[in-house]
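Please open the structure in your viewer and keep the selection tool at hand. The tour proceeds stop by stop, each beginning with a selection to make.

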Amino acid sequence: MLAAVSSFGLSGIDAYPVTVEADLSRGLPAFEIVGLPDAAVKEARDRVRAAMKNTGLEFPTARIVLNLAPADRKKSGAAYDLAILLAILKASGALGADLSGFGILGELSLGGELRPLPGVLPMVLGAGALGLREVIVPFDNAPEGAVAQDVEVYAAKTVGEVLEHLRGGQRLPRCGAIPSEQAPLPPVPDYADVKGQAEAKRAVTVAAAGMHNLLLLGPPGSGKSMLARRLPSILPPPGYAEQVETTKLHSVAGLLPRGVGLMAQRPFRSPHHSISAAGMAGGGVSPRPGEVSLAHHGVLFLDELPEFNRNVLEVMRQPLEDGEVSISRLGGIYRFPADFMLVAARNPCPCGQYPDMNRCTCTVRQIRNYNARISKPLLDRIDINVDVRKVDCRQLFGGRTGKNSAEMRESVLRTQRIQSERFSGENIRFNSQMDSALCSKYVVLDGEAKNFMEDCFADMDMTARGAYRVLKIARTIADLDGDPEVGIKHLREAVFFRNADIQGGV
């Protein structure tokens, strides 16, 4: 007999349909799985057999062939366990329910319990487009299932509960009806804790307002990490579509906290400098998102930037331009969104004390080699560079704290509302996303401003990319100041932030 059950696979963060076909025939007992299964899928034979035995179900004595269609796409993971079990029961005649409108997801324990899966959210969101009316997921994935609105998603703890539901008995609970306890949001540190650093705070505000990439340069202990880690406190909360996309990425990566349906905060990722290129950009046999994608709609903070392997830094160049990562494999191309704000921090030299020659112990060659660890093309993609100097003792213990996060956030939100209105007819949201055509449209310079830019282009040996980034920064500064046109004062400040001493002065 032949039976088919619908399930799902993942390509990047998008789901595609997988049909689990079971054929039972006479002959020597055997259990074969075809359709490009990986090792985890092949091991489903033992999990399904043990789960049926320990649930009181009879495993058929027959030749069983399982096909995972489409057969030309590699299948990975344990998400097909429950679908395989139901397909076998259906083909053997032990289950008479019509399974044509159901999507089935679930890893099985040997005792017949359903274990949580990564990537459930994109699968249930894609179920409606595939014409399915119901989806069954593991109980621990109920918060993700509750996000789907155009399909009924039910949560089950055991195989027995699933069979009872399918046979018309005790219904499974709807995911949306299961109470979930959202973990309290962790407190975000406030910029009121940062004493002095008015210039650096201004640079951070400009960067957050236009979602510009930012590099903080300064000696150890000057407050670079403090400034970077407080950035989420001045960013606007993510919209619903941003929450869904961010949650899908973390779900696929298996990093979604238990009990969380949607991530309510913008991500802040801070990988260690020992990370690999695959860990940064994503990869693996069955590609999973890397740090640049996990920081999507949020902040990627790279502390001690020159300590990262150069190959790791170079893989960020394409995501910084395109806003996505493309990973090519034999089975196809996997795409992960990676629209993030890069914030990096670094010392001016290996010992960190340059240009204080009374304390710096580095030679000129050591400083040059240290700076050469970061390529010019990558530095060219960083919009704002700011020197973070050591705080004066009087500022540290008795001075004013300057603006706090609430005040800075108000400026950022006001500026982003201006950008939202400006780009309502465009396919972008922030000044940093403007291309050359949009820069020409929205950054109109008068004669004096044009002459200033021409002089800067020649004197500072700017690239075309660098010149347009100055215009983008100037547009954000003008929006912050409430000025409709970009003038020479905005350009001067933009050039100052763009042309900081990013190479340590050597």
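Select His-212 and Thr-476: their side chains are joined by a polar contact of 2.7 Å. As this is a predicted model, every distance on the tour belongs to a prediction. Add Asp-383 to the selection, since the side chain of His-212 makes a polar contact with the side chain of Asp-383 as well, at 3.1 Å.

Where in the chain does His-212 lie? His-212 is found in the loop that runs between helix H7 (198-210) and strand S10 (214-217). Is His-212 buried or exposed? Its relative accessibility is 0%, and therefore His-212 counts as buried. To see its surroundings, display the residues in contact with His-212 beyond four places in sequence, among them Val-206, Ala-207, Met-341, Ile-384, Asn-431, Ser-432, Lys-472 and Ile-473.

Now select Met-211, which occupies the loop between H7 and S10. Met-211 has a positive phi of about 55 degrees, although it is not a glycine. With 13% relative accessibility, Met-211 counts as buried, because the limit for that class is under 20%.

**The helix pair**

Select H7 together with helix H17 (residues 405-422). The two helices pack at an angle of about 35 degrees, and their axes are 8 Å apart. The crossing of H7 past H17 is right-handed. On the H7 side, show Lys-201, Val-204, Thr-205, Ala-208, Ala-209 and Gly-210; these meet Met-408, Ser-411, Val-412, Thr-415, Gln-416 and Gln-419 of H17. Sorted by class, this contact has five nonpolar residues, six polar residues and one charged residue.

**The five-stranded sheet**

Proceed to the open sheet of five strands, whose order is S11-S14-S17-S10-S18 and whose pairing is parallel. Which strands stand at the edges? They are strand S11 (268-269) and strand S18 (384-387); each has a single partner strand, so one side of each is left without a neighbour in the sheet.

Begin at the S11 edge. S11 pairs in the parallel sense with strand S14 (residues 299-302) over two bridges. Select Arg-269 and look across to S14, where Leu-300 stands opposite.

Next, colour the residues of S14 by face. In a regular strand, side chains alternate between the two faces of the sheet. In S14, Val-299 and Phe-301 lie on one side, with Leu-300 and Leu-302 on the other. Both faces are covered, and all four of these residues are buried.

Step across to strand S17 (residues 341-346), which runs parallel to S14 and is joined to it by four bridges. Select Val-299 and find its bridge partner in S17, Met-341. Met-341 has already appeared on the tour, as one of the residues in contact with His-212.

From S17, follow the chain into the loop that leads to helix H14 (364-371) and select Asp-356, which is placed there. Asp-356 is partly exposed, with a relative accessible area of 31%. Add Pro-219 to the selection: the two residues are 137 apart in sequence, yet their C-alpha atoms are 9.9 Å apart in space.

**Helix H2 and its surroundings**

Select helix H2 (residues 44-54) and show its buried residues: Ala-44, Arg-47, Val-48, Ala-50, Ala-51 and Met-52. What covers them? The cover includes strand S3 (30-34), helix H1 (39-42), helix H3 (81-92) and strand S6 (107-108). Just after H2, select Gly-56, which takes a positive phi of about 90 degrees.

Two of these covering elements, S3 and H1, are connected by a loop that contains Leu-36. Select Leu-36: its phi is positive, about 55 degrees, although it is not a glycine. Leu-36 is partly exposed, with a relative accessible area of 44%.

For the last stop, select Pro-70, placed in the loop between strand S4 (63-69) and H3. Display the backbone where Ala-69 and Pro-70 meet: the peptide bond that joins them is cis, with omega about 5 degrees.

Key:
Residues numbered from 1 in each chain as written. Predicted model: local features only at pLDDT ≥ 70, side-chain atom pairs only at ≥ 80, totals over all residues. Heavy atoms only, no water. Buried < 20%, exposed > 50% of the residue type's maximum accessible area, 1.4 Å probe, protein only. Polar contact = N/O pair within 3.5 Å; in protein donor to acceptor, adjacent residues only side chain to side chain. Contact = heavy atoms within 4.5 Å. Pairing = 2+ DSSP bridges. Axes fitted to C-alpha atoms, helices over the stretch in contact; angles between N-to-C directions. Left-handed = near helix turned anticlockwise from the far one by under 90°. Nonpolar A, V, L, I, M, F, W, Y, C, P; charged D, E, K, R; others polar.
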